[in-house]
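Trainee: Before I rely on the labels attached to this model, I would like to go through them with you and see what each one rests on.
Mentor: Then let us take them in turn, setting each value against its cut-off.

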There are 2 protein chains.
Amino acid sequence: MNQISEIAPRTTLHEELVGRLRDMIFSGELKGGDRVPEQKLCDMLGISRTPLREALKVLGNEGLLELLPNRGARVATLSEADIDEIFPVMGALEALSGELACARLTDAEFAEIRALHYQMALHHTRGELADYFRVNQQIHECILKAAANPTLEAQYTSLAGRIRLARFRANMTDKRWDQAMREHEEMLCALEARDGKRLSEVLSRHLENKRETVKQAIREGAGEAHGPAVAYD
Amino acid sequence: MNQISEIAPRTTLHEELVGRLRDMIFSGELKGGDRVPEQKLCDMLGISRTPLREALKVLGNEGLLELLPNRGARVATLSEADIDEIFPVMGALEALSGELACARLTDAEFAEIRALHYQMALHHTRGELADYFRVNQQIHECILKAAANPTLEAQYTSLAGRIRLARFRANMTDKRWDQAMREHEEMLCALEARDGKRLSEVLSRHLENKRETVKQAIREGAGEAHGPAVAYD
DNA sequence: TGCTACAAAATTGTATTCAAAAATCAACAC
DNA sequence: GTGTTGATTTTTGAATACAATTTTGTAGCA
């Protein structure tokens, strides 16, 4: 009986809406600074306000939305100061994920990361930035998954979500791109050697180098996001 | 006008209820595994179900409550596996807070921490465990505040809240208590020297040593909490 | 034209209601 | 005594209604 209820997970409307609203934020449908018009959204989605308001509360608590009493919710914006605040925390979490991943990585998991790495290198060689980012995201996700720590994953993902508010078509300089690629080579070596300390250090450095790119993007276009969120590397 | 709205912060019922429910959980009024009876709580607090449900969603997302679709909310419980999951993450965050604190600590802040340290040492000498914990908590909070990173603080506090679900009157062994005290001596030296790396290492080790105490407490009394949450050291 | 005051409209926060799901209870069969 | 079934009660999730607050529009005045 308890087993049956566990193999048939239920979901509620508010939970679905949390995901839906996240997608709308990350896709650019709702941009930083935008008001979230409750009734309009309800009309559009064909639901009542109650579960939507519940979802807004969750996203408010996560920092993706700002809840303004009596004035509704607004999509959060990211300043350079926010970046300077979030990145060290993300760095600490990612460094830990590197250590844990090396401790727990299976051969199959490593093989997959290596395959993705080669694919990403191909995109780098051909100058295909969007594809590079897509595969790059997969690699980072594989490392996080290999760490096998749901609490870590939840916290990292929550912060990564906030970073995604800084949504631009990032044009990384060739120099930074080459640097990022070298960092990924180091990561692969560390993973192969299951050298947690080394991976931890590389990941932390990698993120620190990424920080300036994100801040530059904010400086160039604060509040003028274009299109869907693109990850940085 | 925007300035005026900012100097007069408003609050909503759901936010108050988030805090109130947290207090109820930490105080032991609601214990791990307990169902959260919505209507009874509303009758007791003299409010309608809507803001209460909104508050439950927030606490569910934070991990203090488990939301069971169609069956309501239940106060989360902590297993040893949860501890093994949460503590490395807390360790990484606390290590970072140590580094940041050393970089940013004012003389006044250090003086306050030192005073609290001596007070705590006095309680240790006299065997006054509850007072030791109370002051100990203050010291850890001062270090976190000196780090001056709200994102870090929010994440750390959220995890610390979950740890508080393991609520027992911890009887630390004399051996562990002496060890903890020595660790705090090291912390004070590192803070005085503004040696971030050293403090980071000590804090991380301190937490790792605390982990076993918490797990032991869970083993001895899982689900049988007594009285208000007591911090560990 | 710009400012102020007021009214109307829109939006937000909370309370209440309704429908669906879960829990509990009672009756019956083995 | 145990297990099953059906009815009843309770609880939960979502929709709707109501009150309060904010925003917008209009009129009057300098």
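Trainee: What makes the approach of B:Arg53 to DNA strand D a polar contact?
Mentor: Bear in mind that this is a predicted model. An N or O atom in the side chain of B:Arg53 is 2.8 Å from a phosphate oxygen of DNA strand D, and since the limit for a pair of N or O atoms is 3.5 Å, the pair counts as a polar contact. Phosphate oxygens of this strand also lie 2.3 Å from an N or O atom in the side chain of A:Ser48 and 2.6 Å from a polar backbone atom of A:Leu13.

Trainee: Which elements give two or more residues to the surface near DNA strand D?
Mentor: They are helix 4 (49–62) of chain A and helix 4 (49–62) of chain B, and helix 4 of chain A gives the most, with three residues. In total 19 residues surround the strand, with A:Leu13, A:Ser48, A:Thr50, B:Arg10 and B:Arg53 the closest, and sugar and phosphate account for 66% of the strand's atoms that come within 4 Å of the protein. By class, this surface has six nonpolar, six polar and seven charged residues.

Trainee: Which residues come nearest to DNA strand C?
Mentor: Of the 18 residues around DNA strand C, the nearest are A:Arg10, A:Asn70, B:Leu13, B:Ser48 and B:Thr50, while sugar and phosphate make up 67% of the strand's atoms that come within 4 Å of the protein. A phosphate oxygen of this strand is 2.3 Å from an N or O atom in the side chain of B:Ser48, one is 3.0 Å from an N or O atom in the side chain of A:Arg53, and one is 3.1 Å from a polar side-chain atom of B:Arg71. Helix 4 of chain B gives the most to the surface near DNA strand C, with three residues.

Trainee: Why is the pair of A:Tyr132 and A:Phe133 called edge-to-face?
Mentor: A pair of aromatic rings is described by the distance of the centres and the angle of the planes. The ring centres of A:Tyr132 and A:Phe133 are 6.0 Å apart and their planes stand at 65 degrees, so the pair is edge-to-face, given that centres must lie within 6.5 Å and that an angle over 60 degrees earns this label. Both A:Tyr132 and A:Phe133 are buried, and ring pairs link A:Tyr132, A:Phe133 and A:Trp177 into a cluster.

Trainee: How do you know that B:Tyr132 and B:Trp177 form an edge-to-face pair?
Mentor: For B:Tyr132 and B:Trp177 the values are 5.2 Å centre to centre and 80 degrees between the planes, to be set against limits of 6.5 Å and 60 degrees. The pair links distant parts of the chain, with B:Tyr132 in helix 7 (residues 129–147) and B:Trp177 in helix 9 (residues 174–193) of chain B, 45 residues apart. Both B:Tyr132 and B:Trp177 are buried.

Trainee: Why is B:Lys215 called buried?
Mentor: The relative accessible area of B:Lys215 is 13%, and buried means under 20%, so the label applies. B:Lys215 is found in helix 10 (residues 196–221) of chain B, and, leaving aside its neighbours within four places in sequence, B:Lys215 is in contact with B:Glu80, B:Ile83 and B:Asp84.

Terms used
Residues are numbered from 1 along each chain as its sequence is written. Chains are lettered from A and ligands numbered from 1 in the order in which they are written. This is a predicted model: local features need pLDDT of at least 70, side-chain atom pairs count only at pLDDT 80 or more; totals for chains, interfaces and linings use all residues. Side-chain values use heavy atoms; hydrogens and water are left out. A residue is near a molecule or strand if one of its heavy atoms lies within 4 Å of it. A polar contact is a pair of N or O atoms within 3.5 Å; within protein, one must be able to donate a hydrogen and the other to accept it, and residues adjacent in sequence count only if both atoms are side-chain atoms. Helices (H or I, at least four residues) and strands (E, at least two) are DSSP runs, numbered from the N terminus. Ala, Val, Leu, Ile, Met, Phe, Trp, Tyr, Cys and Pro count as nonpolar, Asp, Glu, Lys and Arg as charged, and the others, Gly among them, as polar. Rings of Phe, Tyr and Trp (its six-membered ring) pair if their centres lie within 6.5 Å; planes under 30 degrees apart count as stacked, over 60 as edge-to-face and the rest as tilted. Buried means under 20% relative accessible area, exposed over 50%, partly exposed in between (1.4 Å probe, protein chains only). Contact means heavy atoms within 4.5 Å.
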